[in-house]
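Student: I'm new to this one. Could we go through what the labels on it rest on?

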Amino acid sequence: MRVRSVLPEDLFGKLVEIGKRRGFFWPSYEIYGGVAGFYDWGPLGFLLKKRIIEKWRRFFVHYHQEYVVEIETPVLGPEKVYVASGHVEHFTDPIVRCTRCGRTYRADHLVEEAIGESVEGLSPEELGRIIREKGITCPVCGGPLGEVSTFNLLFKTQIGPYEGSIGYLRPELAQGMFVAFKRVYESLRGKIPFGIAQVGRVGRNEISPRQALVRLREFTIMEMEYFIDPEDREGSCPFFHRMAGEKLPILTHEAKTRGVEKPDWIRLDEAVEEGIIVHPCLGYWMAVGMKFTESIGVPRDKTYFDEKGPDERAHYSTQTFDQLVEVTRWGWVEVAGHSYRGDYDLGRHMKYSGEDLTAFKPYREPITVKRRKILINKAVIGRELKRDAKRVLEALSRMSDSDLEELASREEPVVEGIKLPRGALQVVEVEEKVSGRRFIPHVVEPSFGTDRNVYVAMEYAYREVNGRVVMAFPRDIAPVQAVVLPLVENDERLKAKARSVYEYLVDHGFTAYYDDSGSIGRRYARADEIGVPAAVTIDYQTLEDDTTTLRDRDSWRQVRVRIKDLPEKLEKFIYRGARLEDLGVPVQS
RNA sequence: GCGGCGGUCGUCUAGCCUGGACUAGGACGCCGGCCUGCCAAGCCGGAGGUCCCGGGUUCAAAUCCCGGCCGCCGCACCA
């Protein structure tokens, strides 16, 4: 029956058209002219996105529920959080525009290039002064440059009516999990490793977003922070064996520097063993990510992991792989980032909040260790220094053990410009009982751009069959799961029966349509276009024996089943990948 | 942000250069009727348009000019 299935050149254009016409997605605020970087999900797109999120949860949370929990944290955060995370510093770029041709440049990059030295940390004013003094002009047209301004990709607002209380819209979910780390860790009764997952909205004030759903100013992320003991590589990933033999397509940064452009397929366990992936956990979640994108319809050879070089990585990362998927319009786009974040984030939040965000692992038996300890003899200091003693003691209490030790080893230790009296610092060796080890957990982060993944699922579902569009979604992410159709339009008995079957399916939790408008072929076509996997047709035999036909969107074949069995059979068909032929008696056409 | 191209019923588009008979045409879709025992059949009827927004030129603007918004492509940007 099926003649040919073709893929058009401009899939994006076709999807935009279907998106608007059938209700998958469209630009937000259209009646006011639209705003770049914002898209609405329509009724069908919303359902599709919801099912993709549910699937992500199944892959990342449900199947690892002993170790991974999901939480929800606010979209807005106080300034401190994003100072600690480094976003206030790293998310702000000094920008300068050419007053003649209008091109925009990173002011710091321009100055560094011109004067050949680092200008890190200089203010916009200072950069502007250097540009004027050195007579730096537009590198393209030679025109004069304007004032240096800053551009921050963080959306900024105020929390409450107080002017000083700056709030930021989160640019990633991660900080919410790091800030909540201690609570979750305690609620899990001190277990490690464990993961915190979250699905939620984030905002980034992109300079000029394009590429529709692929680059948005506000979007949904599905993310997990997986906390591990850096000294326990193997124990950190108790499910590693599930994926150990999986092959992953990886393009290393090292290979790229050699001019290699195609990824290598490497077994996960070998990639970890050979150090291509720095940590088994990172590799494990990459493999799960691979399974996930496959499960939403992306073929294995249309995705790969691209290792970022040292200069391309974010400030917190020691190794990052972008998971890329090929789309028709823009080539390879990033659908997920897999990063080894080390202890950067928890370390920063410890420093900025003063909270102890370490984990504790007891030893099997407490051990006694000999340790050098610096004793501060307050009596001597007080007696000898009198009025200055308070200032000195405060300074000493702020110093780390190693700084104290260094100080104590000096001939004439000086603090706050004051010479310490003899005997003020004493190095002693003490025996201590240690029952375990404290450490800052390291973090492995798989982070998925939901909207991009939904778009990708749409691209890979798109088929043209005999001039009709079929969205061949994997059945379990199809927005509408079944359509119920009376065979002909004008028979009241068929229509009544069809409505009752429709309601029966709704009662059993299915998302279904009822459609009696137009010829049966037209209605099949209508359902195919939005990817409904199963069509239930009520014909004259139904009125006699309460059986109905079940049609498969992808083969157009039909089997006859009892109405009473429909929920069970649909469940198998949609969620368990059952073949249509195994569900009933074939109908000859 | 810059440059190029574009924006017309739900969707895709014709018209724009060469202003007026455009009351803005078509196709698909949608709705109603007839017909129809399984894959976008046919016939009849119908609804549906701020011609992206604002200003200007003109007796007259979808059409010409200016500004803005939005989209696509290239450049820049994308921790």
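Tutor: Sure, here are some questions about labels and the reasoning behind them.

Student: What kind of model is it, and how does it score?

Tutor: It's a predicted model, with ipTM 0.86 and pTM 0.86. The mean pLDDT of chain A is 88, and 90% of its residues reach 70 or more.

Student: Which elements of chain A have the lowest and the highest mean pLDDT?

Tutor: At the bottom is strand β1 (residues 5-6), with a mean of 50, and at the top is helix α20 (residues 566-575), with 98. In total, chain A has 20 helices and 30 strands.

Student: Why don't Cys237 and Cys281 count as a disulfide?

Tutor: A disulfide needs a pair of cysteine sulfur atoms within 2.5 Å. The closest cysteine sulfur to that of Cys237 is in Cys281, but it sits 4.1 Å away, so that's too far for a bond. Start from Cys281 and the story holds: its closest cysteine sulfur is in Cys237, at 4.1 Å, again too far.

Student: How many disulfides does that rule give?

Tutor: The count comes to zero.

Student: Are those two cysteines buried or exposed, and what makes them so?

Tutor: The cut-off for buried is under 20% relative accessible area. Cys237 has 3%, so Cys237 is buried. Cys281 has 0%, so Cys281 is buried too.

Student: How much of chain A counts as buried?

Tutor: Of its 589 residues, 49% do.

Student: What about contacts in chain A between residues 24 or more positions apart?

Tutor: Among contacts with a separation of 6 or more, those pairs account for 68%.

Student: How many cavities of 30 Å³ or more turn up in the whole structure?

Tutor: The search finds one. About 40 Å³ of space lies in the largest cavity, which sits above that 30 Å³ cut-off.

Student: Which residues line the largest cavity?

Tutor: The lining is made of Tyr39, Trp41, Lys49, Arg201, Leu216, Glu218, Phe219, Thr220 and Asp451. Two strands, β3 (39-41) and β12 (218-228), each supply at least two of the lining residues. β12 gives the most, with three.

Student: What makes the lining nonpolar, polar or charged, residue by residue?

Tutor: Each residue is sorted by its type, and the split is four nonpolar, one polar and four charged. Lys and Arg count as charged, so Lys49 and Arg201 are among the charged ones. Leu and Phe count as nonpolar, so Leu216 and Phe219 are among the nonpolar ones.

Methods:
Residues numbered from 1 in each chain as written. Chains lettered and ligands numbered in written order. Predicted model: local features only at pLDDT ≥ 70, side-chain atom pairs only at ≥ 80, totals over all residues. Heavy atoms only, no water. Buried < 20%, exposed > 50% of the residue type's maximum accessible area, 1.4 Å probe, protein only. pLDDT = per-residue confidence, 0-100. Helix = DSSP H or I, 4+ residues; strand = E, 2+ residues; numbered from the N terminus. 1 Å grid on protein atoms, 1.4 Å probe; cavity = no way out; pocket = protein on both sides within 12 Å on 5 of 7 lines; lining within 4 Å. Points joined across faces, edges and corners; volume = space filled by probe spheres on them. Contact = heavy atoms within 4.5 Å.
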